[in-house]
Amino acid sequence: MFHPLEEDLTLLSDSEVEAKMQELSRKYFAAQRLGKPEMLTQIATFVTIYRDEMSKRYLEKSRSGFDGDLDQLINVNK
């Protein structure tokens, strides 16, 4: 997802992205209490962007831990 006001998330650490998501969640609930549907839409867009970034990072970390070598798991010599 792309938004013109979005910063480059690759420059942020995981903890910074998570902190930003928490901040956006607080702002979302505050806007919800104020009854600002336009603001809710914009904040929800950014929450989605940050969640996608975290999902992408977790996927990359899980893939880097898997070497793809299944030779030890499958014994074809029997």
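## Close-up views of a predicted model

A search of the whole structure finds five salt bridges (a side-chain nitrogen of Lys or Arg within 4 Å of a carboxyl oxygen of Asp or Glu). The model is predicted: local features need pLDDT of at least 70, side-chain atom pairs count only at pLDDT 80 or more, and totals for chains, interfaces and linings use all residues. Residues are numbered from 1 along each chain as its sequence is written, and side-chain values use heavy atoms, with hydrogens and water left out.

**View 1. A salt bridge joins helices H1 and H2.** The side chains of Asp14 and Lys61 meet at 2.4 Å, N to O. Asp14 belongs to helix H1 and Lys61 to helix H2 (residues 37-65). The two residues are 47 residues apart, so the pair links distant parts of the chain. Helices are DSSP runs (H or I, at least four residues), numbered from the N terminus. Asp14 is partly exposed at 22% relative accessibility. Lys61 is also partly exposed, at 47%. Here buried means under 20% relative accessible area, exposed over 50%, and partly exposed in between (1.4 Å probe, protein chains only).

**View 2. Asp14, Glu53, Lys56, Arg57 and Lys61 form a salt-bridge network.** Within it, Glu53 and Lys56 meet at 3.4 Å, N to O. They sit three residues apart in helix H2, which means a separation of about one helical turn. Glu53 is buried, with 10% relative accessibility. Lys56 is partly exposed at 39%.

**View 3. Arg57 of helix H2 is buried.** Its relative accessible area is 11%. The side chain of Arg57 reaches the backbone oxygen of Ser13 at 3.4 Å. This is a polar contact: a pair of N or O atoms within 3.5 Å; within protein, one must be able to donate a hydrogen and the other to accept it, and residues adjacent in sequence count only if both atoms are side-chain atoms. Arg57 also touches Leu9, Thr10, Leu12, Ser13, Asp14 and Val17, not counting residues up to four places away in sequence. Contact means heavy atoms within 4.5 Å.

**View 4. Helix H1 spans residues 14-34.** Its 21 residues reach 30 Å from first C-alpha to last. That is close to the 30 Å expected at 1.5 Å a residue (1.5 Å times one less than the number of residues). The buried residues of H1 are Val17, Leu24 and Ala31. They lie on the same side of H1, because they cover an arc of only 45 degrees around the axis. The arc is taken from the directions from the helix axis to the C-beta atoms. Gln22, Arg26 and Arg33 are exposed on the face turned away from the buried side. Just after H1, Gly35 adopts a positive phi of about 75 degrees.

**View 5. Lys27 and Glu23 form a salt bridge along helix H1.** Their closest N and O atoms are 3.0 Å apart. The residues are four apart in the helix, so about one helical turn separates them. Lys27 is partly exposed at 43% relative accessible area. Glu23 is partly exposed at 27%.

**View 6. Tyr28 and Phe29 form an aromatic pair.** A search of the whole structure finds one such pair. The rings are edge-to-face: 5.8 Å centre to centre, with 85 degrees between the planes. Rings of Phe, Tyr and Trp (its six-membered ring) pair if their centres lie within 6.5 Å; planes under 30 degrees apart count as stacked, over 60 as edge-to-face and the rest as tilted. Tyr28 is partly exposed, at 26% relative accessible area. Phe29 is partly exposed at 47%.
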